[in-house]
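Q: I should like to learn how to read the strand pairing, the fold and the chain contact in a structure. Could we go through them in turn?

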Amino acid sequence: MSRAVTVLATGPLTTVQDRGRPGQGALGIGRSGAADRGAAALANRLLGNDPGAALLEVTYGGLALRAEADLLVVTTGARCAGTAAHNAPVPLPAGRELRLGPPETGLRTYVGLHGGIEVEPVLGSRSTDLLSGLGPPVVSVGDVLPVGPAAEPMPGVDLAALPDPAGGEVTVRVSPGPRRDWFGDDAWAALTSQPWAVTAESNRVGLRLDGVPLRRAREGELPSEGMVRGALQVPPSGLPVLFLADAPVTGGYPVIGYVADADVDRCAQLRPGQPLRLRG
Amino acid sequence: MRVLPSGSTALLVELDDLDAVLGLYAALVDEPLDGVVDVVPAARTVLLVTDPAVVAVPDVEAAVRRVRPRQGRAGTGETVELPVHYDGADLADVAALWGVDPDGVVRRHTGTGWTVAFCGFAPGFGYCTPDGDPWDVPRRDTPRTKVPPGAVGLAGPFSGVYPRESPGGWQLVGRTDVAVFDLHRDSAALLRPGVRVRFVSA
């Protein structure tokens, strides 16, 4: 049997992701890629994969796979019940199943396979962009996902001792964005002092935050302008959207601030209802 | 040029007008700045996205301030001709708005050269700006929930072609059979910033 895994269950959402499609913003093509880039990179590192190898991004557990060959697997990110080892590569012999329960904390689990998942790339990447629809289709039951040859030697790391995603309030750093001046100091203070709640409308595009709305200091329309992940955009409701992996290339509402790039991965692990503080 | 902060990996350059955007973008394509992994032009701005492992944002700011923008609309030197069937659902409304007959709209749309200024809204959706005086066409009051691929529309000072079926509020004047976004073509997006466009009556 060729190197592959068969998908038996997907949970709420499972997609194939890699490092995305950088450098194509001028064509209206967003970056996409793993929402928690650090966790995805760790999975590839532990397996000795190329850093650009594709893996599975599992949202709130529930994935079940069957190995169709002797494979090596690792999970990183949100630690799910039912995984033999987390942040540590383990063999998945032919015929054996991997079943992820719900995560203890965090939202997104990365399932990496030695050799990487080799579905057909689209515009240089195997990432599914849920906003633009580019990339492979969302993973569904019955899919047989090819796994690349295990050409690279294993790095010989047994386990990466890393903290799990936080379960309670999370604090990240924020700096003023390009349209900070569309808001008064009161709005900036409101942005950086209140605990924001992550709402259930959040997805790979962005976190929709709930709290006391931010008031603009000036009216008017903003011509659409480029932005990247981490942008805190304020639509007319006054409730900010924190953009994640599948952020649009451009947006027409003012961006009041940016979450520090190094902190955005932690935001991608927030669940609906979890409090988020933006420290100015 | 105003340089505005955009987080720890990017910066936003704000310019006076669309021509200044085209000029700076053309210069940045000709001579890319070190450590800049993406350049995203828009109506009044150019976003520079950096690789923080290679370059620091303040160094990119200093570098972009030294860039000498290109003059005029030389673009990329590529020209795309798009045959259009001028039978759009909003052709009569646009004609009424301008006080001309539908043929007058067609003559105006085919009678000028266009340049793709930037992309947005969807992959491969190029915002085309006309030579000479800018146009002004209001968007539809109620956007359509479904616009077919290939639909040619007008909105504000721009004309564009829908790359795929999507919702949309542009005034539709016609349609083209040319696929402006095709994943199986070497360059998937036909209407890239700087490309010159000529609409012709099919």
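Q: Which residue is the bridge partner of A:T59 in β8(A)?

A: Strands of a sheet pair through backbone hydrogen bonds, either parallel or antiparallel. In this predicted model, A:T59 has A:R108 as its bridge partner in β8(A). Strand β3 (residues 55-59) of chain A and strand β8 (residues 108-113) of chain A run antiparallel and are joined by four bridges.

Q: In what order do the five strands of the open sheet in chain A stand?

A: The order is β2-β3-β8-β5-β6 (chain A), with antiparallel pairing. At the edges are β2 (13-17) and β6 (90-92) of chain A; each has a single partner strand, so one side of each lacks a neighbour in the sheet. From one strand to the next, the twist averages 30 degrees.

Q: Which strands does helix α1 of chain A lie across?

A: Helix α1 (residues 37-47) of chain A lies across β2, β3, β5 (71-77) and β8 of chain A, and runs at about 150 degrees to β5(A).

Q: How many helices and strands does chain A have?

A: Chain A has three helices and 18 strands. Its radius of gyration is 19 Å, close to the 19 Å given by the globule rule for 280 residues, so chain A is as compact as a globular protein of that length. Of the 280 residues in chain A, 52% are buried.

Q: How many residues does each chain give to the contact?

A: The size of an interface is often given as the accessible area lost when the parts come together. Counted by residues, the contact takes 27 from chain A and 32 from chain B. On the side of chain A that touches chain B, the elements giving two or more residues are β10 (170-176) and β13 (225-226) of chain A. The residues of that side comprise 15 nonpolar, ten polar and two charged.

Definitions and conventions:
Residues are numbered from 1 along each chain as its sequence is written. Chains are lettered from A and ligands numbered from 1 in the order in which they are written. This is a predicted model: local features need pLDDT of at least 70, side-chain atom pairs count only at pLDDT 80 or more; totals for chains, interfaces and linings use all residues. The radius of gyration is taken over C-alpha atoms; the globule rule is 2.2 Å times the number of residues to the power 0.38. A residue is buried if 20 or more other C-beta atoms lie within 10 Å of its own, exposed if 12 or fewer, and partly exposed in between; C-beta atoms are placed from the backbone. Two residues are in contact if their C-beta atoms, placed from the backbone, lie within 7 Å. Ala, Val, Leu, Ile, Met, Phe, Trp, Tyr, Cys and Pro count as nonpolar, Asp, Glu, Lys and Arg as charged, and the others, Gly among them, as polar. Two strands pair if DSSP finds at least two bridges between them. Axes are lines fitted to C-alpha atoms, for helices over the stretch in contact, and angles run from 0 to 180 degrees between N-to-C directions.
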